[in-house]
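Subject: Structure handover

Dear colleague,

I am passing the structure below on to you, as agreed. Please look through it at your own pace before reading the notes underneath.

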Number of protein chains: 2
Amino acid sequence: MKLATLKDGTRDGQLAVVSRDLKTAHIADGIALTLQRALDDWSFIAPQLQELYEQLNAGKTHRSFDFDPKRCMAPLPRAYQWADGSSYVNHVELVRKARNAEMPESFWHDPLMYQGGSDDFIGPTDDIVLASEEWGIDFEGEVAVVTGDVPMGSTPAQALSHIRLLMLVNDVSLRNLIPAELAKGFGFFQSKPASSFSPVAVTPDELGDAWQDGKVTLPLRAIWNGALVGQPNAGVDMVFSFPQLIAHLVKTRNARAGSIIGSGTVSNKDAGKGYTCIAEKRCLEMIADGEAKTPFMKFGDTIKIEMLDANGKSIFGAIHQQVVQVGQVGKVGQTAASR
Amino acid sequence: MKLATLKDGTRDGQLAVVSRDLKTAHIADGIALTLQRALDDWSFIAPQLQELYEQLNAGKTHRSFDFDPKRCMAPLPRAYQWADGSSYVNHVELVRKARNAEMPESFWHDPLMYQGGSDDFIGPTDDIVLASEEWGIDFEGEVAVVTGDVPMGSTPAQALSHIRLLMLVNDVSLRNLIPAELAKGFGFFQSKPASSFSPVAVTPDELGDAWQDGKVTLPLRAIWNGALVGQPNAGVDMVFSFPQLIAHLVKTRNARAGSIIGSGTVSNKDAGKGYTCIAEKRCLEMIADGEAKTPFMKFGDTIKIEMLDANGKSIFGAIHQQVVQVGQVGKVGQTAASR
């Protein structure tokens, strides 16, 4: 099934079930007010949501309405955990190579993961509001899973059974803040502002055969200012599957229901597949020509991130955002998605 | 006022108001079910809690009961944000000195901060459950604040007004996992298991004159296996005040209500004040004798962290925990606090 959280003026929004074709939606008010509440009691709530979903797809509901991604918050507008991996080690290797650094061999078997802020996620068509272009504003296209409760010490096989939902992510990064921040030794912090998520979160069964061994074997499309710049396959070159990432997370602690785990920037070794973050393009330029030519995002730039199924239908709806300078919010007149 | 969250079988527990002397409590059920809900609508909810608090202190409530820290969850059993600073730069400098490394001068004016897991906090007397002593189990005594909504770009002066509550923290650390983890460049992750918090969270006015310029000017006491090992003053050598830490946090994003910001391990330059984490003691030994002699915690060890006011009365109640091997939970028979 497909689930969305609609803006209703509250911090956590209103849970809605969305039809498979993303055309209609139905409030889940008789079932669970919010997605977090559904996740807190999934085995009881999910079957009720599934039933509503089937009725909605069959056109048998009486209070359905047109689904509009612009009304969406992130499926979890705030979450208790956002842990982001770097599963596409190819990307990590490129970044190192561009600065003439060796990547430790251990990166191929020990996942990189950082804890991100999760208190203030932004919706799929919300503006990316930042103070300065000098920070090196970049998008990062990723896939993420939402888990149920995962006990400490769980194996990848056990972790797989705790994956409840999948989403797309735009893990906005401030590239020019990263070097100084990483040099301090404590990891990313100011360089990772609020992330945004796709209009809907979907259960793994919605992916059909494309959900294989805890990976999503479909291209992730990144469209920057209207131009398709990347469509790497998320199932290719993903060194650590989602179950492996979750097992890494729970080595020394439990993960509780509603934890979001990201794949890291999707990247294929085949450079012909393009890029889902500008940094990767710049690294390739650096390696080829000794200098990066593609600039980072400017105020007014748009980024669209989506994933289509084998029939060309959008699975998650599109993240479609515009970068806006703080203080200019609401003055631009149009959101990215309304262009 | 003083607030606690009582175990009631739910994920978020039951909000209660606790008397100033920590002897009695009263369920806040007519006001707010959980602490997060109170923080979500603080200006409306806090005055009602304050009124109940005053009645409780005056002995005018009819449904009060004895307050028992063993019934407490963390004040926020799960939170949307836990960001931990390293304000006691003396501690950072000692750690570097022990491994013959220079601390960058920038550390004196640019705060170190990492994002921690916040989905599964443990209560003040809950066991610290871990799989292996080989991980180098350590306690870390800290002070933390809980904020309301803090807009991106807020100054320290603005941030000060958004501090709602203070708590004590035991930021459990796995010292032997840290070197390899930091070498990966993404900061702490597996080396920071679930943190625990004091029985009550208090509003800043409860600290009286001890709340000065966004610092708490009282000793933090660490009692390891019954022996007082440290009582550094949390207001001394705190290079970055809480408002400064919050301003660092919100440079590139908003912080939303219920965000928890930690001070880092409390540490004074005066080594006579002892230590609130074993790592610091070991660093001093390393610098003096070339080798660390004090071992990390063993299964069965207890740690008590508390803060007394000028009259020797506990402000927050005590964190009092035992380290227990996973699989042995509930088999030990007694919690640390019942000894």
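The notes below go from the single chain to the pair of chains and then to the enclosed spaces.

Please keep in mind throughout that this is a predicted model, and that the values given here are computed from it.

To begin with the fold of one chain, chain A contains seven helices and 21 strands. Its radius of gyration is 19 Å, which is close to the 20 Å that the globule rule gives for 339 residues, so chain A is as compact as a globular protein of that length. The C-alpha trace of chain A spans about 60 × 50 × 35 Å along its principal axes.

Two annotated spans come from the UniProt record, in both cases from an unreviewed entry. UniProt places "domain: Fumarylacetoacetase N-terminal" at residues 1-78 of chain A, and this span is 28% helix and 23% strand, with its end C-alpha atoms 21 Å apart. The annotation "domain: Fumarylacetoacetase-like C-terminal", also taken from UniProt, covers residues 82-323 of chain A; here the chain is 17% helix and 25% strand, and the end C-alpha atoms lie 22 Å apart.

Turning to the pair, a turn of 180° with a shift of 0.0 Å along the axis lays chain B on chain A with an RMSD of 0.0 Å. The two copies are therefore related as by a two-fold rotation axis. Both copies use the same surface, in that 100% of the contact residues of chain B recur in chain A.

As for enclosed space, how many cavities of 30 Å³ or more does the count give? The count comes to seven, and I describe two of them here.

The largest cavity holds about 130 Å³ of space. It is lined by 19 residues, and those nearest its centre are A:G116, A:G117, A:K192, A:P193 and B:R253. By class, the lining of the largest cavity is made up of seven nonpolar, seven polar and five charged residues.

The second largest cavity has a volume of about 110 Å³. Of the 15 residues that line this second largest cavity, A:R253, B:G117, B:K192, B:P193 and B:A194 are the closest to its centre. Its lining divides into five nonpolar, five polar and five charged residues.

With best wishes

Definitions and conventions: Residues are numbered from 1 along each chain as its sequence is written. Chains are lettered from A and ligands numbered from 1 in the order in which they are written. This is a predicted model: local features need pLDDT of at least 70, side-chain atom pairs count only at pLDDT 80 or more; totals for chains, interfaces and linings use all residues. Side-chain values use heavy atoms; hydrogens and water are left out. On a 1 Å grid over the protein atoms alone, a cavity is a set of points where a 1.4 Å probe fits but cannot get out, and a pocket is an open set with protein on both sides within 12 Å along at least five of seven lines; lining residues have an atom within 4 Å of a point. Grid points are joined across faces, edges and corners, and a volume is the space filled by probe spheres set on the points. Ala, Val, Leu, Ile, Met, Phe, Trp, Tyr, Cys and Pro count as nonpolar, Asp, Glu, Lys and Arg as charged, and the others, Gly among them, as polar. Copies are superposed by least squares on the C-alpha atoms of residues with pLDDT of at least 70 in both. Contact means heavy atoms within 4.5 Å. UniProt positions are given in the numbering used here, feature names are shortened, and annotations may be inferred rather than shown by experiment. Helices (H or I, at least four residues) and strands (E, at least two) are DSSP runs, numbered from the N terminus. The radius of gyration is taken over C-alpha atoms; the globule rule is 2.2 Å times the number of residues to the power 0.38.
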